[in-house]
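Please look through the structure below and follow its sheets and helices in turn. The text takes up selected parts of the fold.

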Amino acid sequence: MVVPTLGESVTTATVSRWLKKEGDAVAADEALLELETDKVSVEVNAPAAGTLGKILVQDGGEVDVGAVLGAITTGAGGAAAAKPAAKPDAGINPPPPASGPVARPATPAAAAFPSAAKRMAEAGVAASDVGAGSGKDGRITKGDVLDFLAKPAPAKAAAAAPKSTRVDEPRDERVKMTRLRKTIANRLKEAQNTAAMLTTFNEVDMSAAMALRASYKDAFEKKNNGVRLGFMSFFVRACVAGLKEFPAVNAEIDGDDIVYKNYVHMGIAVGGANGLVVPVLRDADQMGFAEIEGAISSFGKRARDGQLKLDELSGGSFSITNGGVYGSLMSTPILNPPQSAILGMHKIQDRPVAIAGKVEIRPMMYLALSYDHRIVDGKEAVSFLVRVKENIEDPRRLLLGL
């Protein structure tokens with residue numbers, strides 16, 4: 001067993017944990033261990049059925065792509081080890097069953113994905129507490145565990161008296177930073193140190209987009225096999241139109257060159273199990289509303305379950321992040337290098353605004369565009385953000401290509 005190819009620019013990984021022990025029987029394609037890379041956690045599956053032999057890299061070890069992790073014994077030896085041992089009393093005249101209720105076999109460990117089992121172990125909950133999973137064959141996913149942990153505790157637990165804490169017990173917990181978290185930290189700091197980063201703000205009246213969504217959301221969902229119409233598709237399409245008009249916002253600096261993109265690979269920031277990840281909508285400029293909404297919905301679910309693929313996390317030319325889902329009213333998003341700009345969406349909030357000389361209450365959202373001033377001029381950045389605002393406030397522009 002060797003470390004598989006892990007995607008663009010990824011050459012090393014860390015063995016997060018082995019899911020099997022030396023001598024354990026394994027089935028073909030069964031998950032054996034978890035690898036953590038700079039971008040995402042991945043599972044390594046058994047290439048064949050047999051018995052797991054010597055483990056060469058223990059938990060926490062650093063490995064290169066192609067390095068040997070261990071070996072599986074296949075053939076007669078592996079098959080023999082994989083078969084369960086015969087019961088000593090299994091014969092022609094087995095003893096009668098004991099009186100009383102028959103014990104049920106324990107739920108197999110395979111009832112949960114390894115990433116879900118790890119999270120349950122960390123939280124101190126059992127698979128029976130979480131219940132049936134949403135994964136294939138009812139397996140529990142990491143998203144199921146996170147949803148369970150987000151539910152309010154039972155009333156009896158809330159009423160229980162708190163345990164006393166000894167004064168001399170340590171109250172700090174030191175945990176080693178994961179590779180993903182270190183990479184996020186380094187890339188964000190790199191963006192601050194390298195780019196001449198600046199942020200411009202505007203606000204958008206969401207009335208028209210909200211009315212359009214309310215009018216057509218049921219018909220949209222019915223026509224597109226359950227795909228729901230959200231606001232992200234409006235903003236993706238609005239940004240695509242703006243990027244076509246102001247190509248520098250979609251470009252990047254490479255040494256002494258400026259690389260202009262004749263396509264839009266739109267990064268969509270989503271919260272994953274181990275931190276923020278930015279999967280990419282490739283050729284978003286060629287996608288319709290339903291395709292965009294379906295892809296973003298899939299990104300969100302697979303990010304929570306730790307199932308995003310490595311090649312989905314690279315190659316973006318522009319990004320959108322929505323702090324509004326967490327209640328953020330305004331922020332200054334940080335660039336995602338080597339991209340030159342990122343749009344920050346925020347919470348929709350009813351506010352009084354002046355409309356034709358009168359004060360009205362409208363659903364308003366603050367927008368923020370952070371950009372690299374080395375490549376994007378202030379006029380271009382402000383004009384791009386104004387174009388996004390205009391497209392959202394009058395969605396008919398998107399349909400007419402204006």
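In what order do the strands of the open sheet of 4 strands lie? The order is β4-β3-β1-β6, and the pairing is antiparallel. At the edges of this sheet are β4 and β6, the latter covering residues 62–64, and each of these two strands pairs on one side only. On average, neighbouring strands here are turned by 40° against each other when direction is ignored. The model is a predicted one.

Within that sheet, β1 and β6 run antiparallel and are joined by 3 bridges. One position can be picked out in the pairing: T12 stands opposite D64 in β6. As background, strands of a sheet pair through backbone hydrogen bonds, in either a parallel or an antiparallel arrangement.

The next element to follow is the helix that lies across this sheet. Helix α2, made of residues 114–123, lies across β1, β3 and β4 and runs at about 65° to β1. Which residues of α2 are buried? They are P114, S115, A116 and M120. The buried residues of α2 pack against three strands, β1 (12–18), β3 (31–36) and β4 (41–45). They also pack against two helices, α3 (127–130) and α4 (142–150). The packing of α2 thus involves helices as well as strands of the sheet. Just after α2 comes G124, which takes a positive phi of about 70°.

A further open sheet consists of 3 strands in the order β2-β5-β7, again with antiparallel pairing. Its edge strands are β2 (25–26) and β7 (70–73), each of which pairs on one side only. β2 pairs with β5, residues 50–55, in the antiparallel sense over 2 bridges. In this pairing the bridge partner of V26 is G50 in β5.

Further along the chain there is a hairpin. Strand β17 (residues 349–355) and strand β18 (residues 358–372) run antiparallel and are joined by 7 bridges. I355 of β17 stands opposite K358 in β18. How many residues lie between the strands of this hairpin? There are 2 residues between them, and A356 takes a positive phi near 50°.

From strands, the path turns to a pair of helices. Helix α8 spans residues 232–245 and helix α9 spans residues 289–304; their axes come within 9 Å and cross at roughly 120°. Why are these two helices described as oblique to each other? The crossing angle of roughly 120° lies over the 65 to 115 degrees counted as roughly perpendicular, and is not over 145, the cut-off for roughly antiparallel, so α8 and α9 are oblique to each other. The crossing is right-handed. On the α8 side, the residues that meet α9 are M232, S233, F234, V236 and R237. Their counterparts in α9 are F289, I292, E293 and I296.

These parts belong to a chain with 11 helices and 18 strands. Of its 402 residues, 37% count as buried. What share of the contacts between residues at least 6 apart in sequence joins residues at least 24 apart? The share is 63%. The accessible surface of the chain comes to about 23100 Å², and 54% of it belongs to carbon and sulfur atoms.

Technical notes
Residues are numbered from 1 along each chain as its sequence is written. This is a predicted model: local features need pLDDT of at least 70, side-chain atom pairs count only at pLDDT 80 or more; totals for chains, interfaces and linings use all residues. Side-chain values use heavy atoms; hydrogens and water are left out. Buried means under 20% relative accessible area, exposed over 50%, partly exposed in between (1.4 Å probe, protein chains only). Contact means heavy atoms within 4.5 Å. Accessible areas come from the Shrake-Rupley method with a 1.4 Å probe; for residues, only the protein chains shown count as cover. Two strands pair if DSSP finds at least two bridges between them. Axes are lines fitted to C-alpha atoms, for helices over the stretch in contact, and angles run from 0 to 180 degrees between N-to-C directions. Angles under 35 degrees count as roughly parallel, over 145 as roughly antiparallel, 65 to 115 as roughly perpendicular and the rest as oblique. A crossing is left-handed if the near helix is turned anticlockwise from the far one by less than a right angle, and right-handed if clockwise.
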